[in-house]
Every structure is written in structure tokens, then in C-alpha cells.
Amino acid sequence: GVRSYLPNHRYIEVDHIWVWTPGFAHYLNKVGARGTCHVVGPILWYLPEKTTSIGRTPVPRISVFDVTPMTPASAHRFGLLFNYYSVENTIAFVRDILAVRDDLEERHRCRIEVLIKHKRTPTGIHDRAYLDWIRAMSESGRIRLVPPDTNIYSMVSESIVAVTIPYSSPAYVAAALGIPSIFYDPTGTLVPSYEEVHGLQYAAGISDLRTALNAAFEASTTTQP
């Protein structure tokens, strides 16, 4: 029940601050940041594309957003005594999504494509075991790895649902676009602690994920012309 805030936020002193959500505006005000907050929705380094860069397809898509795990040595240098985004947890995150996708394909007799975008461009601090596993899944056709510079607006808008590891920001991009959005914790150990917005839900464990993805798939089929 105790929250730990980033200490540097209290020293923000500007006239105007643009933020994604009302909750973050409230947070900045609470910790003492000075300035008028304007809640404007997702703020990325680019705007939505007029023409999608990932290609349209009649095949239903699931967009997946991870947090690329660091090596244990790198995590230690950053002062992370415990790193939730370990290789084991991130592999479990993707593996569970693929398992549920397979179930949905068999039940509904159709193909469902899974796209994944790494949170950060892989560098020397990131764990090769995870990156190699994702590459193997991509080469086998189990998943489609999109380039790091893929426009998230396009990726999400062409999907029936977005699944994000807690608590990365693409979940809020999807919700803002009206696409069902899921925070998925494969470990079932986290206390849900995030700003709730319309269209965003939380799933802990593969049973919850199966229910959420099935609901998103069925909703997408009822809205198709």
C-alpha cells in the first residue's frame, strides 16, 4: 500500500505540461510539479499514418508489446535488485499469447496473426536469449516481428486487440484508438496498479487471458460488415 514516486518529478517547473491521461496529470500535481497540465491523449514521436506501413489483411491480428529484458548484469548496473521483465517472464508473456491464439484458431477455424513490437531497439544491454527466442518464433511463422520504427497507431488500428506487458504505454494507445486493450501478467503475481481507462482491462494468468482474447475476437466478428 506504499507508493514510491520518482523524486525528480517534484522539480518540474514549467508553464505548461502535455500528458496522456488525467491520472498522470493528477500525479504530477500531487508530487508538486508546477505548471498547467493539458490532457491530450497519446503523445508519440509521430502522427497516425495516412497509409498503413504494415499492410492491410483480412486475417485478424493481435498486436503484442513487450518490454525487452536486460541481461542480469545490466539490470544490476541500473540498480534493479528485482527485475519483473526477466527473460523467463517475457517469454511466458509471449508464449501464453501464442497458446491462446492457437486455441482460438482451432475453435473458430480461421488464421489469426500475432504481431510483436519490441519496446526498445535491441542493444548490448538486452538479453540475447529472449531476442533469439523471438527470432526463432518469427522465422517459424508463429509470430511476426515488426521493425522497431513501426508506427504504433497503424499497428494497433489494424488489429482486433492489443496485449501489453504491465505497465507499458502502448496499452493506452490502443484504448485511445478504440481497440480492446489488455495488460497481461503471465505470473499472476502483480497487484493491478495502473490508471483505468475505457477499453483497457487486466488479465492475470493464462485463464484470464483466454477469456479476454476470446471476448475481443467475438466482438470483432460481430462488428465486421
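**Note on the predicted model: salt bridges, aromatic pairs and backbone features**

1. In this predicted model, a network of salt bridges links Arg101, Asp102, Glu105 and Arg142. Within it, Asp102 and Arg142 meet through their side chains, with an N to O distance of 2.9 Å. Asp102 belongs to helix 3, whereas Arg142 sits in the loop between helix 4 (128-139) and strand 5 (144-145), so the pair ties together parts that are 40 residues apart in sequence. Asp102 is partly exposed, at 27% relative accessibility, and Arg142 is also partly exposed, at 29%.

2. The whole structure contains nine salt bridges. One of them joins Glu13 and Arg34, whose closest N and O atoms are 3.9 Å apart. This pair links distant parts of the chain, since Glu13 is in strand 1 (residues 13-19) and Arg34 in strand 2, 21 residues apart. Glu13 is exposed, with a relative accessible area of 60%, and Arg34 is exposed as well, with 56%.

3. A salt bridge within a single helix is formed by the side chains of Arg128 and Asp132, at 3.5 Å from N to O. Both residues are in helix 4, four residues apart, and are therefore separated by about one helical turn. Arg128 counts as partly exposed at 42% relative accessibility, as does Asp132 at 38%.

4. How does the length of helix 3 agree with its residue count? Its 22 residues, at 1.5 Å a residue, should span 32 Å, and the end C-alpha atoms are 32 Å apart, which agrees. The residue that follows helix 3 is Arg109, which has a positive phi near 55°. Most residues other than glycine have a negative phi. Arg109 is placed in the loop between helix 3 (87-108) and strand 4 (113-117). With a relative accessible area of 73%, Arg109 is exposed.

5. A second backbone feature is the peptide bond from Pro166 to Tyr167, which is cis, with omega near -10°. Most peptide bonds are trans. Tyr167 is found in the loop between strand 6 (161-164) and helix 6 (170-176). Tyr167 also takes part in an aromatic cluster, together with Tyr172, Phe183, Tyr194 and Tyr202.

6. Eleven aromatic pairs are found in a search of the whole structure. Among them, Phe24 and Tyr27 form a tilted pair, 5.3 Å centre to centre with 35° between the planes. Both residues lie in helix 1 (residues 22-31), three residues apart, which is about one turn of the helix. Phe24 is partly exposed, at 34% relative accessibility, whereas Tyr27 is buried, at 14%.

7. Is the pair formed by Tyr194 and Tyr202 stacked or tilted? The ring centres are 5.8 Å apart and the planes of Tyr194 and Tyr202 meet at 15°, so the pair is stacked; the cut-off for stacking is under 30 degrees. Tyr202 is buried, with a relative accessible area of 17%.

8. On the surface, Trp18, Val40 and Ile43 make a nonpolar patch of about 310 Å². Of these residues, Val40 lies in the loop between strand 2 (34-39) and strand 3 (61-65). Val40 is partly exposed, with a relative accessible area of 47%.

Conventions:
Residues are numbered from 1 along each chain as its sequence is written. This is a predicted model: local features need pLDDT of at least 70, side-chain atom pairs count only at pLDDT 80 or more; totals for chains, interfaces and linings use all residues. Side-chain values use heavy atoms; hydrogens and water are left out. Patches are made of residues with over 30% relative accessible area and no salt bridge: like charges are joined within 9 Å, nonpolar side chains (Val, Leu, Ile, Met, Phe, Trp, Tyr) within 5 Å. Accessible areas come from the Shrake-Rupley method with a 1.4 Å probe; for residues, only the protein chains shown count as cover. A salt bridge is a side-chain nitrogen of Lys or Arg within 4 Å of a carboxyl oxygen of Asp or Glu. Helices (H or I, at least four residues) and strands (E, at least two) are DSSP runs, numbered from the N terminus. Buried means under 20% relative accessible area, exposed over 50%, partly exposed in between (1.4 Å probe, protein chains only). The expected span of a helix is 1.5 Å times one less than its number of residues. Rings of Phe, Tyr and Trp (its six-membered ring) pair if their centres lie within 6.5 Å; planes under 30 degrees apart count as stacked, over 60 as edge-to-face and the rest as tilted.
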